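Me: I'd like to practise reading a structure with you. Could we go through the fold, then the charged pairs, then a buried position?

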Amino acid sequence: MPMITKLVFRGCSLGPPTAISLAENITGNKTLEHIDLSGNAIGDDGATALATALRKNNVLKELILDNNELSVSGQSALRNSIYDDSSFDALEDSNHTIQTFFFFTPRSVFGKAVMNDCFHSLAANLRSRSKKEAITKKIQRHMPHLLELGEEVGKKDGADQLNDQLGLLKI
């Protein structure tokens, strides 16, 4: 039986329930590398389900979601699936294999700064040979923010927490 590596459902009006079902099935999928769900009105519920699945999938490289009626909530969920800087654990749990995300007019929703985070994270995924290397590149890029985060947590000062993480993630 042939392995499916690419799914293209452009303009099929799938809606949120089908996107949620698809997300449940890609979580542990070991062959699917490309999904195009353009023009399917998956909405924020579908985007959130896909974002959750992306955190557990380490094979998918491209997700195209043009024209899917996503608000800030859905797009933020997808952004956080590849780059969640709310904590070191969240960053480590982000997806580090996806290399292409496509949104319709993302800057009008996110603004330039957040889109730069997304583009950098996708580039780190693309240029890395391993999950640890991708995480390290993301941490190094956003070191000032992560240092502040470590200090806010209060467990250790940010520099100690960052050094602990980088020690674990040595390439």
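Me: How many helices and strands does the protein have?

Reply: Happy to start there, and keep in mind that this model is predicted. There are nine helices and four strands. Along the sequence they follow the pattern β-α-β-α-β-α-α-β-α-α-α-α-α.

Me: Which salt bridges does the structure hold?

Reply: The general idea first: side chains of opposite charge can pair when their charged atoms come close. Here the structure holds two salt bridges. In one of them, Arg10 and Asp36 meet through their side chains at 2.5 Å, N to O. This pair links distant parts of the chain, with Arg10 in the loop between strand E1 (6-8) and helix H1 (15-26) and Asp36 in strand E2, 26 residues apart. Arg55 also forms a salt bridge, with Asp84, and their closest N and O atoms are 3.0 Å apart. Arg55 lies in helix H2 and Asp84 in the loop between helix H3 (72-82) and helix H4 (88-93), so this pair ties together parts 29 residues apart in sequence.

Me: Is Arg10 buried or exposed?

Reply: Exposed, because its relative accessibility is 55% and the cut-off for that label is over 50%. Its partner Asp36, at 2%, counts as buried.

Me: And why does Asn40 count as buried?

Reply: Because its relative accessibility is 0%, and buried means under 20%. Asn40 sits in the loop between strand E2 (34-36) and helix H2 (43-56). Beyond its neighbours within four places in sequence, Asn40 has contacts including Phe9, Arg10, Asn67 and Asn68.

Terms used: Residues numbered from 1 in each chain as written. Predicted model: local features only at pLDDT ≥ 70, side-chain atom pairs only at ≥ 80, totals over all residues. Heavy atoms only, no water. Helix = DSSP H or I, 4+ residues; strand = E, 2+ residues; numbered from the N terminus. Buried < 20%, exposed > 50% of the residue type's maximum accessible area, 1.4 Å probe, protein only. Contact = heavy atoms within 4.5 Å. Salt bridge = Lys/Arg side-chain N within 4 Å of Asp/Glu carboxyl O.
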